[in-house]
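Reader: I am new to this structure and would be grateful for a close look at a single part of the protein chain. Please set that part in the context of the whole.

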Amino acid sequence: MACLDKLRARADNNAGYIRPRPSGLPYSVDDMRTEFLHQHHHRTIHKNNNPPPPQVPIKVGFVACSFNSEAILFLSHDMFRFFDPSLVEIHVFSTGSPDHPRFLAEVMRGVDWRRRVVDSVDRFHDVRYLNNDHVELARYIRDSGMQVLIEWDGYARQGERSARLMALRPAPIQILHQEFLMTSGA
């Protein structure tokens, strides 16, 4: 149940209790919104025909364990190259493993969708080492300056989703995309 994600994020199943909320988390959405507006205030309409100041790209992050030969990447591995880099800076946070080389060679016939993503985005963050530490992953993403965070796993992937991560609000705008057509509770 999505409404329990915030509690599950702090649950200690071994000890049987709810841990206290980590200091500074969840991040304040109001503070992040104010920071975003300060960085992008120049995107307003100019009435006196002066050219607008240079734009700062909006940082958009995609987080999933499925940046390998999964159905979601089949549908979207090529979309990253169509983003305008002057408007959007794309980051991918991959918590999952790449495909085995033999699988790529024999089944995929040499086509590596993950490599296509790596080659098309501004920054690919291989954060497998943070997969089981949602607090540190939230801090890592927040420190990367993401303004929009899109989660691709939803309630799929046999419990590998980032529900606990999203409950900590590492970005002011969070979107659940592709896998689950309902609210994620974060």
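Author: The part chosen is L104, which lies in helix 4, spanning residues 101-106; helices (H or I, at least four residues) and strands (E, at least two) are DSSP runs, numbered from the N terminus. This is a predicted model, in which local features need pLDDT of at least 70, side-chain atom pairs count only at pLDDT 80 or more, and totals for chains, interfaces and linings use all residues. Residues are numbered from 1 along each chain as its sequence is written, and side-chain values use heavy atoms, with hydrogens and water left out.

L104 has a relative accessible area of 12% and therefore counts as buried, a term for values under 20%, with exposed for those over 50% and partly exposed in between (1.4 Å probe, protein chains only). Leaving aside residues up to four places away in sequence, L104 touches S69, D99, R109, G110, V111 and D112, where a contact means heavy atoms within 4.5 Å. One of these partners, S69, is 35 residues from L104 in sequence, yet their C-alpha atoms are 8.7 Å apart in space.

As for the whole, the protein chain contains seven helices and seven strands, arranged along the sequence as α-β-β-α-β-α-β-α-α-β-α-β-α-β. Of its 186 residues, 40% are buried. Contacts between residues at least 6 apart in sequence join residues at least 24 apart in 72% of cases. The protein chain exposes about 10,900 Å², of which carbon and sulfur atoms supply 54%; accessible areas come from the Shrake-Rupley method with a 1.4 Å probe, and for residues only the protein chains shown count as cover.
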